[in-house]
Amino acid sequence: MAPVRNSRVLFNSIPEGTRASRRCCNKIIGYPVLGETLLVDHAKTIDLDTVSLEGGKVLVKTVAISIDPFLRLHMSRSGRHHGTAYHLGETIYNFQVVKVLRSGRDLFKPGQHLYGVGDFVEYQVLSDPSKWTALPEEQSIPWSVYLGAAGMPGKTAYFGWKVGANAKKGETIYVSTAAGAVGSMVVQLAKAAGLKVIASAGQEAKLEFLRELGADVVFNYKTTDLANVLEEHGPLDICWDHVGGDTLATVISNMKDFGRILVMGFTAAYNAPPASVTNLGLVLVKRLTLRGIAVGDHEAQYAEEFYATVPAKLAKGELKYKETVVRSLDEVPQLFIDVQKGNNTGKAVVVLDD
Ligand SMILES: NC(=O)c1ccc[n+]([C@@H]2O[C@H](COP(=O)([O-])OP(=O)(O)OC[C@H]3O[C@@H](n4cnc5c(N)ncnc54)[C@H](OP(=O)(O)O)[C@@H]3O)[C@@H](O)[C@H]2O)c1
(Lines give C-alpha, C1' and ligand atoms only; values in the text may rest on other atoms or scores of the structure.)
Protein backbone atom coordinates (compact mmCIF):
# COMPACT_ATOMS: atom_id res chain seq x y z
CA MET A 1 0.00 0.00 0.00
CA ALA A 2 1.19 3.53 -0.72
CA PRO A 3 2.05 5.77 2.24
CA VAL A 4 -0.96 7.49 3.78
CA ARG A 5 -1.31 10.98 5.26
CA ASN A 6 -0.33 11.22 8.92
CA SER A 7 -1.59 14.58 10.23
CA ARG A 8 -0.46 15.90 13.61
CA VAL A 9 -1.07 18.85 15.94
CA LEU A 10 1.96 21.02 16.72
CA PHE A 11 2.63 23.43 19.59
CA ASN A 12 3.42 26.60 17.68
CA SER A 13 3.46 29.48 20.17
CA ILE A 14 3.05 30.18 23.88
CA PRO A 15 -0.20 32.03 24.67
CA GLU A 16 1.14 35.24 26.18
CA GLY A 17 -2.04 37.22 26.90
CA THR A 18 -2.49 40.95 26.66
CA ARG A 19 0.05 43.54 27.72
CA ALA A 20 -2.36 44.52 30.50
CA SER A 21 -2.47 41.00 31.95
CA ARG A 22 1.33 40.79 31.82
CA ARG A 23 1.73 44.11 33.63
CA CYS A 24 -0.87 43.14 36.19
CA CYS A 25 0.65 39.92 37.52
CA ASN A 26 4.12 39.84 36.04
CA LYS A 27 3.17 36.51 34.50
CA ILE A 28 2.86 35.51 30.89
CA ILE A 29 -0.69 34.28 30.72
CA GLY A 30 -3.70 34.38 28.37
CA TYR A 31 -6.08 32.19 26.37
CA PRO A 32 -4.73 30.10 23.48
CA VAL A 33 -5.25 31.83 20.11
CA LEU A 34 -6.77 30.13 17.05
CA GLY A 35 -4.23 29.89 14.21
CA GLU A 36 -1.32 30.70 16.53
CA THR A 37 -1.03 28.46 19.59
CA LEU A 38 -1.67 25.10 17.90
CA LEU A 39 -1.22 24.31 14.20
CA VAL A 40 -2.32 21.21 12.31
CA ASP A 41 0.34 19.82 9.98
CA HIS A 42 -0.78 17.56 7.08
CA ALA A 43 2.61 17.22 5.41
CA LYS A 44 3.79 13.91 6.90
CA THR A 45 3.00 10.44 5.59
CA ILE A 46 3.52 6.92 6.92
CA ASP A 47 3.73 3.54 5.17
CA LEU A 48 1.55 1.33 7.33
CA ASP A 49 2.85 -1.89 5.72
CA THR A 50 6.57 -1.24 5.90
CA VAL A 51 7.23 1.05 8.86
CA SER A 52 9.77 -0.74 11.06
CA LEU A 53 8.62 -2.40 14.29
CA GLU A 54 12.07 -3.70 15.14
CA GLY A 55 12.72 -4.07 18.87
CA GLY A 56 9.13 -4.96 19.80
CA LYS A 57 7.44 -1.76 18.62
CA VAL A 58 3.72 -1.55 17.89
CA LEU A 59 1.98 0.38 15.06
CA VAL A 60 -1.32 1.93 16.16
CA LYS A 61 -4.12 4.07 14.74
CA THR A 62 -5.48 6.80 16.97
CA VAL A 63 -9.11 6.18 17.93
CA ALA A 64 -9.83 9.01 20.38
CA ILE A 65 -7.85 11.74 22.16
CA SER A 66 -8.78 13.61 25.32
CA ILE A 67 -8.69 17.43 25.54
CA ASP A 68 -8.25 18.30 29.23
CA PRO A 69 -8.19 21.75 30.87
CA PHE A 70 -4.80 21.05 32.50
CA LEU A 71 -3.11 20.85 29.07
CA ARG A 72 -3.00 24.67 29.24
CA LEU A 73 -0.35 24.21 31.95
CA HIS A 74 1.88 22.41 29.43
CA MET A 75 1.93 25.62 27.38
CA SER A 76 3.49 28.10 29.78
CA ARG A 77 6.97 29.55 29.34
CA SER A 78 8.09 29.14 32.92
CA GLY A 79 5.54 27.04 34.78
CA ARG A 80 6.62 23.56 33.76
CA HIS A 81 3.80 21.35 34.98
CA HIS A 82 5.46 18.30 36.51
CA GLY A 83 8.29 18.81 33.98
CA THR A 84 6.07 17.95 31.03
CA ALA A 85 5.79 21.29 29.18
CA TYR A 86 5.09 21.03 25.44
CA HIS A 87 8.05 21.91 23.22
CA LEU A 88 7.66 24.54 20.52
CA GLY A 89 7.47 23.04 17.04
CA GLU A 90 6.77 19.54 18.36
CA THR A 91 3.65 17.37 18.41
CA ILE A 92 1.47 17.74 21.52
CA TYR A 93 0.35 14.69 23.51
CA ASN A 94 -2.27 13.54 26.00
CA PHE A 95 -4.37 10.56 27.13
CA GLN A 96 -5.83 8.59 24.23
CA VAL A 97 -7.22 5.30 23.00
CA VAL A 98 -5.45 3.64 20.06
CA LYS A 99 -6.06 0.49 17.99
CA VAL A 100 -3.20 -1.91 17.21
CA LEU A 101 -2.62 -2.30 13.44
CA ARG A 102 0.63 -4.30 13.44
CA SER A 103 2.66 -5.60 16.35
CA GLY A 104 6.30 -6.49 16.92
CA ARG A 105 5.42 -8.02 20.31
CA ASP A 106 3.36 -11.15 21.10
CA LEU A 107 1.57 -9.42 23.96
CA PHE A 108 -0.14 -6.95 21.60
CA LYS A 109 -2.48 -8.19 18.86
CA PRO A 110 -3.92 -6.37 15.83
CA GLY A 111 -7.41 -5.06 16.62
CA GLN A 112 -6.68 -4.65 20.33
CA HIS A 113 -7.46 -1.25 21.91
CA LEU A 114 -4.96 0.40 24.28
CA TYR A 115 -5.18 3.35 26.69
CA GLY A 116 -2.24 5.61 27.49
CA VAL A 117 -0.47 8.87 26.71
CA GLY A 118 0.41 9.40 23.05
CA ASP A 119 0.84 12.05 20.35
CA PHE A 120 -1.91 14.02 18.57
CA VAL A 121 -1.35 12.11 15.29
CA GLU A 122 -3.39 9.78 13.10
CA TYR A 123 -0.89 6.89 13.29
CA GLN A 124 2.11 6.30 15.54
CA VAL A 125 4.69 3.65 16.36
CA LEU A 126 4.84 2.94 20.10
CA SER A 127 8.43 2.26 21.08
CA ASP A 128 7.43 1.28 24.63
CA PRO A 129 3.96 -0.31 24.40
CA SER A 130 4.32 -1.69 27.94
CA LYS A 131 3.37 1.80 29.16
CA TRP A 132 -0.10 1.32 27.61
CA THR A 133 -3.04 -0.51 29.22
CA ALA A 134 -5.11 -3.01 27.21
CA LEU A 135 -8.83 -2.17 27.25
CA PRO A 136 -11.50 -4.91 27.47
CA GLU A 137 -11.96 -6.75 24.16
CA GLU A 138 -15.72 -6.79 24.56
CA GLN A 139 -16.85 -3.21 24.04
CA SER A 140 -19.73 -2.13 26.29
CA ILE A 141 -19.18 1.65 26.11
CA PRO A 142 -17.77 3.82 23.29
CA TRP A 143 -13.95 3.85 23.32
CA SER A 144 -13.98 7.62 23.93
CA VAL A 145 -15.63 7.08 27.33
CA TYR A 146 -12.37 5.49 28.52
CA LEU A 147 -11.00 9.05 28.31
CA GLY A 148 -13.80 10.58 30.36
CA ALA A 149 -16.18 8.97 32.82
CA ALA A 150 -14.30 5.64 32.57
CA GLY A 151 -10.87 7.29 32.32
CA MET A 152 -8.70 9.86 34.06
CA PRO A 153 -11.49 12.37 34.92
CA GLY A 154 -13.79 9.60 36.20
CA LYS A 155 -10.92 8.25 38.29
CA THR A 156 -10.28 11.74 39.68
CA ALA A 157 -13.86 11.83 40.98
CA TYR A 158 -13.84 8.22 42.20
CA PHE A 159 -10.42 8.26 43.89
CA GLY A 160 -10.92 11.77 45.33
CA TRP A 161 -14.27 10.74 46.79
CA LYS A 162 -12.67 7.68 48.41
CA VAL A 163 -9.68 9.45 49.93
CA GLY A 164 -10.93 12.95 50.70
CA ALA A 165 -14.71 13.34 51.03
CA ASN A 166 -15.32 11.37 54.23
CA ALA A 167 -19.00 12.03 53.48
CA LYS A 168 -21.92 11.31 55.78
CA LYS A 169 -25.56 11.01 54.73
CA GLY A 170 -27.41 14.32 55.05
CA GLU A 171 -24.31 16.50 54.64
CA THR A 172 -24.17 19.39 52.17
CA ILE A 173 -21.59 19.61 49.36
CA TYR A 174 -20.87 22.30 46.77
CA VAL A 175 -19.35 21.16 43.44
CA SER A 176 -17.92 23.82 41.07
CA THR A 177 -17.56 23.11 37.31
CA ALA A 178 -20.16 20.48 38.09
CA ALA A 179 -21.21 19.67 34.51
CA GLY A 180 -17.66 18.75 33.51
CA ALA A 181 -16.17 15.29 33.19
CA VAL A 182 -14.99 15.22 36.82
CA GLY A 183 -17.79 17.30 38.35
CA SER A 184 -20.69 15.35 36.83
CA MET A 185 -19.31 12.13 38.32
CA VAL A 186 -18.87 13.79 41.73
CA VAL A 187 -22.49 15.00 41.69
CA GLN A 188 -23.62 11.40 41.12
CA LEU A 189 -21.35 9.96 43.82
CA ALA A 190 -22.58 12.58 46.30
CA LYS A 191 -26.26 11.94 45.51
CA ALA A 192 -25.70 8.17 45.85
CA ALA A 193 -24.18 8.82 49.30
CA GLY A 194 -27.29 10.76 50.38
CA LEU A 195 -25.87 14.28 50.35
CA LYS A 196 -27.56 17.57 49.51
CA VAL A 197 -25.75 18.73 46.36
CA ILE A 198 -25.27 22.37 45.34
CA ALA A 199 -23.82 22.47 41.81
CA SER A 200 -22.77 25.28 39.47
CA ALA A 201 -21.88 25.66 35.79
CA GLY A 202 -21.60 28.53 33.34
CA GLN A 203 -24.31 27.74 30.74
CA GLU A 204 -28.06 27.01 30.83
CA ALA A 205 -27.73 23.67 28.97
CA LYS A 206 -25.22 22.49 31.57
CA LEU A 207 -27.66 23.35 34.37
CA GLU A 208 -30.26 21.10 32.73
CA PHE A 209 -27.73 18.24 32.76
CA LEU A 210 -27.07 18.87 36.48
CA ARG A 211 -30.81 18.67 37.19
CA GLU A 212 -30.91 15.31 35.31
CA LEU A 213 -28.13 14.07 37.59
CA GLY A 214 -30.26 14.90 40.63
CA ALA A 215 -28.41 17.94 42.01
CA ASP A 216 -30.62 19.69 44.59
CA VAL A 217 -29.56 23.30 43.98
CA VAL A 218 -28.32 24.28 40.54
CA PHE A 219 -27.12 27.73 39.45
CA ASN A 220 -25.13 29.63 36.83
CA TYR A 221 -22.16 31.15 38.66
CA LYS A 222 -21.81 33.79 35.93
CA THR A 223 -25.26 35.27 36.59
CA THR A 224 -25.93 34.27 40.21
CA ASP A 225 -23.71 35.23 43.10
CA LEU A 226 -22.09 32.18 44.75
CA ALA A 227 -22.07 33.87 48.17
CA ASN A 228 -25.85 34.41 48.05
CA VAL A 229 -26.49 30.78 47.04
CA LEU A 230 -24.30 29.43 49.84
CA GLU A 231 -25.88 31.78 52.36
CA GLU A 232 -29.32 30.48 51.40
CA HIS A 233 -28.51 26.76 50.93
CA GLY A 234 -25.33 26.25 53.01
CA PRO A 235 -23.31 26.16 55.13
CA LEU A 236 -21.15 23.44 53.62
CA ASP A 237 -19.69 20.25 55.06
CA ILE A 238 -17.72 19.56 51.87
CA CYS A 239 -16.59 21.65 48.91
CA TRP A 240 -15.25 19.96 45.78
CA ASP A 241 -13.50 22.83 44.00
CA HIS A 242 -12.11 22.92 40.46
CA VAL A 243 -11.78 26.70 40.17
CA GLY A 244 -9.75 28.34 42.99
CA GLY A 245 -9.39 32.11 43.45
CA ASP A 246 -12.58 34.01 44.38
CA THR A 247 -14.63 30.78 44.38
CA LEU A 248 -12.35 29.22 46.97
CA ALA A 249 -12.42 32.37 49.11
CA THR A 250 -16.25 32.46 49.07
CA VAL A 251 -16.41 28.77 49.95
CA ILE A 252 -14.04 29.15 52.92
CA SER A 253 -16.38 31.81 54.35
CA ASN A 254 -19.35 29.43 53.99
CA MET A 255 -17.92 26.21 55.47
CA LYS A 256 -19.13 24.61 58.70
CA ASP A 257 -16.58 23.98 61.44
CA PHE A 258 -14.46 20.91 60.65
CA GLY A 259 -15.55 21.04 56.96
CA ARG A 260 -13.47 19.51 54.15
CA ILE A 261 -12.37 21.44 51.06
CA LEU A 262 -10.99 19.28 48.26
CA VAL A 263 -8.80 21.35 45.95
CA MET A 264 -9.02 19.48 42.63
CA GLY A 265 -8.14 22.19 40.07
CA PHE A 266 -7.57 25.92 39.69
CA THR A 267 -9.21 26.66 36.34
CA ALA A 268 -9.67 30.36 37.12
CA ALA A 269 -5.88 30.77 37.01
CA TYR A 270 -5.15 28.66 33.90
CA ASN A 271 -5.55 31.63 31.50
CA ALA A 272 -5.83 34.68 33.75
CA PRO A 273 -3.89 36.19 36.62
CA PRO A 274 -4.48 34.23 39.84
CA ALA A 275 -6.71 35.92 42.44
CA SER A 276 -5.50 36.05 46.05
CA VAL A 277 -7.38 34.10 48.71
CA THR A 278 -7.24 36.50 51.65
CA ASN A 279 -9.39 34.68 54.24
CA LEU A 280 -7.15 31.67 54.92
CA GLY A 281 -7.28 32.59 58.63
CA LEU A 282 -10.76 31.03 58.63
CA VAL A 283 -9.17 27.65 57.91
CA LEU A 284 -7.80 27.83 61.45
CA VAL A 285 -10.84 29.47 63.05
CA LYS A 286 -13.16 26.80 61.59
CA ARG A 287 -10.60 23.96 61.85
CA LEU A 288 -11.09 23.17 58.15
CA THR A 289 -9.26 20.56 56.15
CA LEU A 290 -7.96 21.95 52.83
CA ARG A 291 -6.65 19.05 50.77
CA GLY A 292 -5.17 18.88 47.27
CA ILE A 293 -5.76 15.55 45.54
CA ALA A 294 -3.90 14.34 42.44
CA VAL A 295 -5.47 11.40 40.61
CA GLY A 296 -2.16 9.68 39.86
CA ASP A 297 -1.32 9.27 43.55
CA HIS A 298 -4.19 6.82 44.04
CA GLU A 299 -3.96 4.76 40.83
CA ALA A 300 -2.24 1.79 42.47
CA GLN A 301 -4.79 1.57 45.29
CA TYR A 302 -8.09 2.12 43.45
CA ALA A 303 -7.71 1.62 39.67
CA GLU A 304 -8.63 -2.07 39.71
CA GLU A 305 -11.79 -1.42 41.74
CA PHE A 306 -12.65 1.51 39.44
CA TYR A 307 -12.37 -0.54 36.23
CA ALA A 308 -14.28 -3.44 37.82
CA THR A 309 -17.30 -1.25 38.62
CA VAL A 310 -17.53 2.08 36.78
CA PRO A 311 -17.52 1.00 33.06
CA ALA A 312 -20.32 -1.52 33.78
CA LYS A 313 -22.43 1.13 35.54
CA LEU A 314 -21.89 3.51 32.62
CA ALA A 315 -22.90 0.78 30.15
CA LYS A 316 -26.12 0.12 32.10
CA GLY A 317 -26.90 3.84 32.41
CA GLU A 318 -26.61 3.71 36.21
CA LEU A 319 -23.96 6.41 35.89
CA LYS A 320 -24.52 9.15 33.30
CA TYR A 321 -22.02 11.16 31.25
CA LYS A 322 -21.92 13.72 28.46
CA GLU A 323 -19.31 14.29 25.77
CA THR A 324 -18.40 17.14 23.43
CA VAL A 325 -17.02 15.37 20.35
CA VAL A 326 -15.12 16.58 17.27
CA ARG A 327 -14.05 14.21 14.50
CA SER A 328 -10.87 15.62 13.00
CA LEU A 329 -7.48 16.86 14.17
CA ASP A 330 -8.30 20.09 12.27
CA GLU A 331 -10.84 20.86 15.00
CA VAL A 332 -8.40 20.40 17.91
CA PRO A 333 -7.21 24.06 18.17
CA GLN A 334 -10.81 25.33 18.49
CA LEU A 335 -11.88 22.58 20.93
CA PHE A 336 -8.82 23.32 23.04
CA ILE A 337 -9.96 26.96 23.35
CA ASP A 338 -13.59 25.91 23.97
CA VAL A 339 -12.53 23.80 26.96
CA GLN A 340 -10.60 26.74 28.43
CA LYS A 341 -13.54 29.11 27.86
CA GLY A 342 -16.33 26.77 29.03
CA ASN A 343 -17.92 25.97 25.64
CA ASN A 344 -17.79 22.20 26.22
CA THR A 345 -20.20 20.08 28.24
CA GLY A 346 -18.76 16.96 29.86
CA LYS A 347 -15.70 15.30 28.38
CA ALA A 348 -14.12 17.00 25.36
CA VAL A 349 -12.79 14.37 22.94
CA VAL A 350 -11.46 14.05 19.42
CA VAL A 351 -12.83 10.83 17.91
CA LEU A 352 -10.90 9.76 14.78
CA ASP A 353 -12.15 6.18 14.44
CA ASP A 354 -15.34 4.68 15.87
N1 LIG B 1 -6.59 16.85 40.73
C2 LIG B 1 -6.52 16.04 39.69
O3 LIG B 1 -5.86 15.00 39.70
C4 LIG B 1 -7.30 16.40 38.46
C5 LIG B 1 -7.55 15.46 37.45
C6 LIG B 1 -8.36 15.83 36.37
C7 LIG B 1 -8.86 17.12 36.30
N8 LIG B 1 -8.55 18.02 37.25
C9 LIG B 1 -9.07 19.38 37.22
O10 LIG B 1 -10.47 19.30 37.46
C11 LIG B 1 -11.12 20.38 36.79
C12 LIG B 1 -12.25 19.85 35.92
O13 LIG B 1 -11.72 18.98 34.94
P14 LIG B 1 -12.66 18.34 33.80
O15 LIG B 1 -11.83 17.41 33.04
O16 LIG B 1 -13.92 17.92 34.41
O17 LIG B 1 -12.89 19.60 32.89
P18 LIG B 1 -14.01 20.28 32.07
O19 LIG B 1 -15.32 20.28 32.63
O20 LIG B 1 -13.83 19.94 30.68
O21 LIG B 1 -13.39 21.75 32.36
C22 LIG B 1 -13.58 22.83 31.64
C23 LIG B 1 -14.68 23.63 32.31
O24 LIG B 1 -14.12 24.52 33.29
C25 LIG B 1 -15.03 25.59 33.45
N26 LIG B 1 -14.28 26.84 33.49
C27 LIG B 1 -13.42 27.29 32.59
N28 LIG B 1 -12.91 28.48 32.98
C29 LIG B 1 -13.45 28.74 34.18
C30 LIG B 1 -13.32 29.82 35.09
N31 LIG B 1 -12.50 30.85 34.84
N32 LIG B 1 -14.03 29.77 36.22
C33 LIG B 1 -14.84 28.74 36.46
N34 LIG B 1 -15.01 27.68 35.64
C35 LIG B 1 -14.32 27.70 34.50
C36 LIG B 1 -15.96 25.57 32.25
O37 LIG B 1 -17.23 25.12 32.68
P38 LIG B 1 -18.32 26.15 33.28
O39 LIG B 1 -19.43 26.24 32.30
O40 LIG B 1 -18.74 25.52 34.55
O41 LIG B 1 -17.62 27.45 33.44
C42 LIG B 1 -15.35 24.54 31.33
O43 LIG B 1 -16.32 23.86 30.55
C44 LIG B 1 -10.03 21.12 36.03
O45 LIG B 1 -9.58 22.20 36.83
C46 LIG B 1 -8.94 20.09 35.90
O47 LIG B 1 -7.68 20.66 35.70
C48 LIG B 1 -7.80 17.69 38.33
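Start by selecting Lys256, which is partly exposed at 34% relative accessible area. Here buried means under 20% relative accessible area, exposed over 50%, and partly exposed in between (1.4 Å probe, protein chains only). A word on what's in your viewer: this is a predicted model, where local features need pLDDT of at least 70 and side-chain atom pairs count only at pLDDT 80 or more, while totals for chains, interfaces and linings use all residues. Numbering runs from 1 along each chain as its sequence is written, and side-chain values use heavy atoms, with hydrogens and water left out.

**Stop 1: the partner of Lys256**

Add Asp237 to the selection. Asp237 and Lys256 form a salt bridge, with their closest N and O atoms 3.1 Å apart; the term means a side-chain nitrogen of Lys or Arg within 4 Å of a carboxyl oxygen of Asp or Glu. Asp237 sits in strand β13 (residues 236-241) and Lys256 in strand β14 (residues 255-263), so this pair ties together parts 19 residues apart in sequence. Helices (H or I, at least four residues) and strands (E, at least two) are DSSP runs, numbered from the N terminus. Is Asp237 buried or exposed? Asp237 is buried, at 9% relative accessibility.

While you're on charged side chains, pick out Lys61, Lys99 and Asp353 as well: salt bridges with shared partners join these residues into one network.

**Stop 2: more salt bridges**

How many salt bridges does the structure hold? The count is 14. For another one, select Glu305 and Lys162, where the closest N and O atoms come to 2.7 Å. This pair links distant parts of the chain, 143 residues apart: Glu305 belongs to helix α8 (residues 299-316) and Lys162 to helix α2 (residues 152-165). Show the surface and you'll find Glu305 partly exposed at 30% relative accessibility, with Lys162 partly exposed too, at 41%.

Next, go to Glu171 and Lys168, whose side chains meet in a salt bridge of 3.8 Å, N to O. Glu171 counts as buried at 10% relative accessibility, whereas Lys168 is partly exposed at 44%.

**Stop 3: helix α6**

Now select α6, residues 245-253. Seven of its nine residues are buried, so the helix is largely enclosed by the rest of the structure. Which residues of α6 are buried? They are Gly245, Thr247, Leu248, Ala249, Thr250, Val251 and Ile252. To see what covers them, colour in strands β10 (172-175), β13, β14 and β15 (289-292), plus helices α5 (226-233) and α7 (281-285), which are among the covering elements. You've met two of these already: β13 carries Asp237 and β14 carries Lys256.

**Stop 4: Asn94**

Jump to strand β6, where you'll find Asn94. Asn94 is buried, with a relative accessible area of 2%. Its side chain is joined to that of Asp68 by a polar contact of 2.8 Å. That term stands for a pair of N or O atoms within 3.5 Å; within protein, one must be able to donate a hydrogen and the other to accept it, and residues adjacent in sequence count only if both atoms are side-chain atoms.

Expand the selection around Asn94. Leaving aside neighbours within four places in sequence, Asn94 is in contact (heavy atoms within 4.5 Å) with Ser66, Ile67, Asp68, Phe70, Leu71, Gly116, Val117, Gly118 and Phe120.

**Stop 5: Leu107**

Follow the chain on from β6 (93-103) into the loop that leads to β7 (113-119), and click on Leu107. Leu107 is exposed, at 67% relative accessible area. Try a distance to Ala134, 27 residues away along the chain: the C-alpha atoms of the two are separated by 9.8 Å.

**Stop 6: the two domains**

Zoom out and colour by domain: domain 1 is 4-148 + 321-351 and domain 2 is 153-296, with bounds from an automatic or database domain assignment. Their C-alpha centres lie 28 Å apart.

At the interface, 26 residues of domain 1 are in contact with 18 residues of domain 2. The buried area is about 1500 Å², with carbon and sulfur atoms giving 59% of it; that is the accessible area (1.4 Å probe) the two parts lose on being put together, summed over both. How many salt bridges cross this interface? The rule finds zero. Polar contacts do turn up, in nine residue pairs with both members at pLDDT 80 or more. On the domain 1 side, select α1 (19-25) and α9 (332-341), each of which supplies at least two residues touching domain 2. The largest share on that side comes from α1, with three residues.
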